[in-house]
Amino acid sequence: MSAPGQAPIKDDRDYLDKGLDSIEKKYGGAKFQDPNKNRAMNEKITDKIRSVFEKMTGKKVPAKVSN
C-alpha cells in the first residue's frame with residue numbers, strides 16, 4: 001500500500017521475487033525489512049536463479065512462477 005497522497009505502487013513481482021523477499025524479511029534482520037530498497041539486487045539474484053535453472057534443466061521457468 002502507498003501512503004496518502006502518493007501513487008499506488010505496482011506489484012509486478014513474481015513468486016520467485018516474493019519468496020526471496022519473504023526469506024530476507026525472516027532471516028535478514030533490519031537491513032532487509034523493506035523489500036523495495038533491495039529491489040534491484042533481488043532482481044539480479046532471481047534472474048541468475050532463473051538462468052541457472054534453465055541452463056541445468058534445458059527448460060524455461062514456468063510462466064506461473066516467473067514473469
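Start with the whole chain shown as a surface: about 5500 Å² is exposed, and carbon and sulfur atoms supply 60% of that area. Keep in mind as you go that this is a predicted model.

**The overall fold**

Switch to a cartoon view. You will find two helices and zero strands in the chain. Of its 67 residues, 19% count as buried. Now think about contacts between residues with a separation of 6 or more: 46% of these join residues 24 or more positions apart.

**A nonpolar patch**

Select Met41, Ile45 and Ile49 and show their side chains. Together they form a nonpolar patch on the surface, with about 240 Å² of accessible area. Click on Met41, which lies in helix α2. Met41 has 39% relative accessibility, so it counts as partly exposed.

**A buried threonine**

Stay in helix α2, which covers residues 39–57, and pick Thr46. Is Thr46 buried or exposed? Its relative accessible area is 1%, so Thr46 is buried. To see what surrounds it, add Leu16, Asp17 and Leu20: these are the contacts of Thr46 once its neighbours within four places in sequence are left aside.

**The salt bridges**

The structure holds four salt bridges. Select Arg50 and Asp17 first; their side chains meet in one of them, at 3.9 Å from N to O. Arg50 belongs to helix α2 and Asp17 to helix α1 (residues 15–27), so this pair ties together parts that are 33 residues apart in sequence. Both Arg50 and Asp17 are buried. For Arg50 the relative accessibility is 7%, and the cut-off for buried is under 20%, which means that Arg50 falls in that class.

Keep Arg50 on screen and add Asp47. Here the side chains form a salt bridge with an N to O distance of 2.9 Å. Asp47 and Arg50 are three residues apart in helix α2, about one turn of the helix. Asp47 is partly exposed, at 42% relative accessibility.

Now bring in Asp14. Which residues are linked with Asp14 in a network of salt bridges? The network is made up of Asp14, Asp17, Asp47 and Arg50.

**One last pair**

Finish by selecting Arg39 and Glu43, whose side chains meet in a salt bridge of 3.7 Å, N to O. Both residues lie in helix α2, four residues apart, which is about one turn of the helix. Arg39 counts as partly exposed at 24% relative accessibility, and Glu43 is partly exposed too, with a relative accessible area of 22%.

Notes
Residues are numbered from 1 along each chain as its sequence is written. This is a predicted model: local features need pLDDT of at least 70, side-chain atom pairs count only at pLDDT 80 or more; totals for chains, interfaces and linings use all residues. Side-chain values use heavy atoms; hydrogens and water are left out. Buried means under 20% relative accessible area, exposed over 50%, partly exposed in between (1.4 Å probe, protein chains only). Contact means heavy atoms within 4.5 Å. Accessible areas come from the Shrake-Rupley method with a 1.4 Å probe; for residues, only the protein chains shown count as cover. Patches are made of residues with over 30% relative accessible area and no salt bridge: like charges are joined within 9 Å, nonpolar side chains (Val, Leu, Ile, Met, Phe, Trp, Tyr) within 5 Å.
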